[in-house]
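Biologist: I would like to go through this model and ask how each label was reached. Please show the structure before we start.

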Amino acid sequence: MKATGIVRRIDDLGRVVVPKEIRRTMRIREGQSMEIYTGREGEIILKKYSPMEELAECAAGFTKSISAVTGCLVCVSDQEQIVAASGPEQKSYLGKSISSRLEEAISNRKMVLVRPGEKSYFSILEDDDSTPPLPELIFPILSSGDAIGSVILCEKDKETLPDEAEKKLLQVAATYLGREMEN
């Protein structure tokens, strides 16, 4: 654990304010769920809650299957990071923070197709200097009306665009993962 030097008092309702600097640095948004843990030495540990982590194994199975069929990189993200990835360069994506533009696309709850060179193009990763830009197809994962993540397909080269079959595969994966979260 890292000390911040910030001290806060508990109010009469038992609440503690997480300082703005920490919320900004850790990308904690208003209304976001937090898990609470206790440590052996009396610590209280707050961790951002990700419902997609519960489905990480299922999401990994989907990414492997879709990647095997398409030959493309396929990722599943929650609202913070890539939780599952299969295909070319998967190690460059798994566990990495997603970009603010991808967060926005998830929040908008619509399918997105972005191509390198277009004004609307954005990378799915926060700091993505190491991987070449590829066309990306993004489907949001919706569960009980909430946007909780996305399924992403990155084409093999800049010239290739996702076809209708690939779009349907991603749509099925996003729909299935969203329904699994509801169960």
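Modeller: Bear in mind that this is a predicted model. Let us begin with Cys72, which has a relative accessible area of 0%.

Biologist: Why is Cys72 called buried?

Modeller: Buried means under 20% relative accessible area. Cys72 has 0%, so Cys72 is buried.

Biologist: What makes Cys154 buried or exposed?

Modeller: The same cut-off of under 20% applies. Cys154 has a relative accessible area of 1%, so Cys154 is buried.

Biologist: How do you know whether Cys72 is in a disulfide?

Modeller: A disulfide needs two cysteine sulfur atoms within 2.5 Å. The closest cysteine sulfur to that of Cys72 is in Cys154, 8.4 Å away, so the pair is too far apart for a bond.

Biologist: What is the distance from the sulfur of Cys154 to the nearest cysteine sulfur?

Modeller: That sulfur belongs to Cys75 and is 5.5 Å away; Cys154 is in no disulfide. The count of disulfides comes to zero.

Biologist: Which strands form the sheet, and in what order?

Modeller: Five strands form an open sheet in the order 4-3-7-6-5, with antiparallel pairing.

Biologist: Why are strand 4 and strand 5 said to stand at the edges?

Modeller: Strand 4 (82-86) and strand 5 (112-114) each have a single partner strand, so one side of each is left without a neighbour in the sheet.

Biologist: What joins strand 3 to strand 4?

Modeller: Two strands pair if there are at least two bridges between them. Four bridges join strand 3 (residues 73-77) to strand 4, and the two run antiparallel. Cys75 stands opposite Ala85 in strand 4.

Note on methods: Residues numbered from 1 in each chain as written. Predicted model: local features only at pLDDT ≥ 70, side-chain atom pairs only at ≥ 80, totals over all residues. Heavy atoms only, no water. Buried < 20%, exposed > 50% of the residue type's maximum accessible area, 1.4 Å probe, protein only.
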